[in-house]
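Me: I have a structure open and would like to go through a few of its contacts with you. Shall we take them one at a time?

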Amino acid sequence: MMKKIFPAPLVSLGLFVVWLLLNQSMSRGHLLLALALALGLPVMFSELRPQKVRVRHLGTVLRLCLTVMVDTTLSNIAVLRLLVLPGTRRHAPDFVKIPLELRDPNGLAVLAMIVCITPGTVWAELSRDRSMLMLHVLEVHDAQAIVRHVQTRYERPLMEIFE
């Protein structure tokens with residue numbers, strides 16, 4: 001019963017306090033409105049709350065973080081080369097379709113963040129059934145190599161962590 005009234009107690013408390021701070025008033029009207037918002041909004045939006053995450057294999061998490069740091073650094077250097085020396089572009093940009101086995105929404109969200117923080121790549125589209133990712137890559141020499149790279153370096157560890 002309490003979980004239905006207070007699906008997110010810390011969010012309710014935060015909403016209550018922030019409303020009062022933003023309005024700089026402790027009048028009865030603002031207290032009632034803050035209470036209504038603090039009780040009503042978490043209930044209204046409870047379906048939007050993310051699924052609970054159970055992370056497995058802490059070692060895999062650490063290896064994935066290291067992999068992302070290395071790949072991001074190398075990608076930064078490659079993009080910097082293109083910006084400083086535009087004549088050194090070897091290959092044209094293109095879209096690459098990557099088949100995915102990863103279905104966990106949290107894992108897909110982390111994959112989206114990894115792809116988006118890596119310079120030279122942008123998450124362009126995810127198919128409705130979540131089986132195909134379209135990725136825009138700044139320089140594409142071998143699309144299959146990019147597919148293998150994303151699947152082995154990011155997708156497999158994320159599956160191990162989240163599924």
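Me: Leaving aside neighbours within four places in sequence, which residues is D71 in contact with?
Reply: Happy to help, and please keep in mind that this is a predicted model. D71 lies in helix α4, which spans residues 58–84. Setting aside neighbours within four places in sequence, the residues in contact with D71 are T118, H149, R153 and Y154.

Me: Is D71 buried or exposed?
Reply: The relative accessibility of D71 is 9%. The cut-off for buried is under 20%. D71 therefore counts as buried.

Me: With which side chains does the side chain of D71 make a polar contact?
Reply: One polar contact, at 3.3 Å, goes to the side chain of H149. Another, at 2.8 Å, joins the side chain of D71 to that of R153. The names you want are H149 and R153.

Me: Which element gives the most to the largest nonpolar core?
Reply: That core has 24 residues, and Y154 is among those that touch the most other members. At least two residues each come from α4, β1 (94–99), α5 (105–117), β3 (132–137) and α6 (143–162). With 8 residues, the element that gives the most is α6.

Me: What is the bridge partner of T121 in β3?
Reply: Strand β2 covers residues 121–126 and pairs with β3 in the antiparallel sense, over 5 bridges. In the hairpin of these strands, with 5 residues between them, R130 has a positive phi near 65°. As for T121, its bridge partner in β3 is V137.

Definitions and conventions:
Residues are numbered from 1 along each chain as its sequence is written. This is a predicted model: local features need pLDDT of at least 70, side-chain atom pairs count only at pLDDT 80 or more; totals for chains, interfaces and linings use all residues. Side-chain values use heavy atoms; hydrogens and water are left out. Helices (H or I, at least four residues) and strands (E, at least two) are DSSP runs, numbered from the N terminus. Buried means under 20% relative accessible area, exposed over 50%, partly exposed in between (1.4 Å probe, protein chains only). A polar contact is a pair of N or O atoms within 3.5 Å; within protein, one must be able to donate a hydrogen and the other to accept it, and residues adjacent in sequence count only if both atoms are side-chain atoms. Contact means heavy atoms within 4.5 Å. A nonpolar core is a set of buried Ala, Val, Leu, Ile, Met, Phe, Trp, Tyr and Cys residues joined through side-chain atoms within 4.5 Å. Two strands pair if DSSP finds at least two bridges between them.
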